[in-house]
Amino acid sequence: MQIVADLHTHTNVSTHAYSSLAEMVHAAKQAGMLAIALTDHGPAMEDGAHQWHFANQSIFPRVMDGVVVIRGMECNILPPMGAVDPIEYKYYKELEYVIASFHDPIYKPATVEAHTIAMEGVLRDPVITTLGHPGTPAFKFDYEHIISRCNESGKIVEINNNSINVRRGCQENCLEIARLCKKYEVPVVISSDAHIAYQVGKFDNALALVEEAGIPEELVINSSKERLAAYFRTIRGLDLFPDA
Ligand SMILES: [Zn+2]
Ligand SMILES: [Zn+2]
């Protein structure tokens, strides 16, 4: 399976990541990506970006270095009801791609029931597009309850390459989630979660997992230019490739 866009990446605006916007875009080009989403951490994270960072992403040229650049954010799920970072709604709603993830500096791991209630809140948020690294072992939730509701709430599920590398115990949760995505025909996105330019476009673990789960290519929104374009047209009315 070919992946044509990396939709989860961090620049050094999040200070635990190390490459500039230009370096990330260039790396995407080198990796053969047609598009990249910049998804720095929301302001609730200690080293997250200020809300003005997100407000001002409109100055990004749509195409940089031959790569389509998507204005995004990885927001932090907050306890107890799954609200996310407090950024002004007028900025938040303009974001083109919004990942919601549990991060333990922000949400102290609790019970499966508590995490599930928070995820229900995520499903209700119309701006969020994607459930980020949902297989994180410390944040188990009722996978079937949430995944089976993704289509009605318009959410997609991320298969996060970095998670499989760095979060011990993620593999089996991620596989269970991927199998549920197949069962309920929930679209998935394969992403690197790169924190340095050298990780952009690296998807080996995520691809292997998707294959093991038997997810068909048609369910992977970034497996072709046409699917990627159709996804952003549907969720945001955005034409990523107007000259195509
Ligand atoms: Zn994250
Ligand atoms: Zn991330």
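Are His 10 and Glu 74 buried or exposed? In this predicted model, His 10 is buried, and Glu 74 is buried as well. Both residues belong to the metal site, which makes a convenient place to begin.

The zinc ion (ligand 2) takes its protein donors from His 8 (NE2), His 10 (NE2), Glu 74 (OE) and Asp 193 (OD), at 2.0 to 2.3 Å. Along the sequence, these donor residues follow the spacing H-x1-H-x63-E-x118-D. The arrangement is irregular because the angles subtended by the four donor atoms run from 78 to 168°, whereas a tetrahedral assignment would need all angles to lie between 85 and 135 degrees. Glu 74 also serves a second metal: it bridges the zinc ion (ligand 2) and the zinc ion (ligand 1), and the two ions are 3.4 Å apart. Distant parts of the chain are linked here, with His 10 in the loop between β1 (5-9) and α1 (21-30) and Glu 74 in strand β4 (residues 67-76), 64 residues apart.

Turning to the nonpolar interior, the largest core comprises 63 residues, and Ile 36, Val 157 and Ile 215 have the most contacts inside it. Helix α8 (residues 170-184) supplies the largest share of this core, namely seven residues. A separate core of 19 residues includes Tyr 97, Ala 229, Tyr 231 and Leu 238. Leaving aside residues up to four places away in sequence, the contacts of Ile 36 include Asp 6, Thr 9, Met 24, Val 67, Ile 70 and Val 200.

A polar residue offers a friendly contrast. Asp 47 sits in the loop between β2 (35-38) and α2 (51-55), and its relative accessibility of 18% means that Asp 47 counts as buried, the cut-off being under 20%. The side chain of Asp 47 reaches the backbone nitrogen of Thr 15 at 3.0 Å. Beyond four places in sequence, Asp 47 touches Val 13, Ser 14, Thr 15 and His 16.

Aromatic rings complete the picture, with seven aromatic pairs in the structure. One of them joins Tyr 107 and Phe 139, whose ring centres are 5.8 Å apart and whose planes meet at 85°, so the pair is edge-to-face. Tyr 107 lies in the loop between β5 (97-101) and α4 (112-124) and Phe 139 in the loop between β6 (130-131) and α5 (143-147), so parts 32 residues apart in sequence are tied together. Both residues, Tyr 107 and Phe 139, are buried. Tyr 231 and Phe 232 form another edge-to-face pair, at 5.2 Å centre to centre and 85° between the planes. Tyr 231 is buried at 9% relative accessible area, and Phe 232 is buried at 0% relative accessibility. Together with Tyr 97, Tyr 231 and Phe 232 make up one aromatic cluster.

How values were computed
Residues are numbered from 1 along each chain as its sequence is written. Chains are lettered from A and ligands numbered from 1 in the order in which they are written. This is a predicted model: local features need pLDDT of at least 70, side-chain atom pairs count only at pLDDT 80 or more; totals for chains, interfaces and linings use all residues. Side-chain values use heavy atoms; hydrogens and water are left out. A nonpolar core is a set of buried Ala, Val, Leu, Ile, Met, Phe, Trp, Tyr and Cys residues joined through side-chain atoms within 4.5 Å. Buried means under 20% relative accessible area, exposed over 50%, partly exposed in between (1.4 Å probe, protein chains only). Helices (H or I, at least four residues) and strands (E, at least two) are DSSP runs, numbered from the N terminus. Contact means heavy atoms within 4.5 Å. Donors are N, O and S atoms within 2.8 Å of the metal (3.2 Å for Na, K and Ca); water is not among the atoms, so sites may look incomplete. Four donors count as tetrahedral if all angles lie between 85 and 135 degrees; four count as square planar and six as octahedral if opposite donors are over 155 degrees apart and all others between 65 and 115; anything else is irregular. A polar contact is a pair of N or O atoms within 3.5 Å; within protein, one must be able to donate a hydrogen and the other to accept it, and residues adjacent in sequence count only if both atoms are side-chain atoms. Rings of Phe, Tyr and Trp (its six-membered ring) pair if their centres lie within 6.5 Å; planes under 30 degrees apart count as stacked, over 60 as edge-to-face and the rest as tilted.
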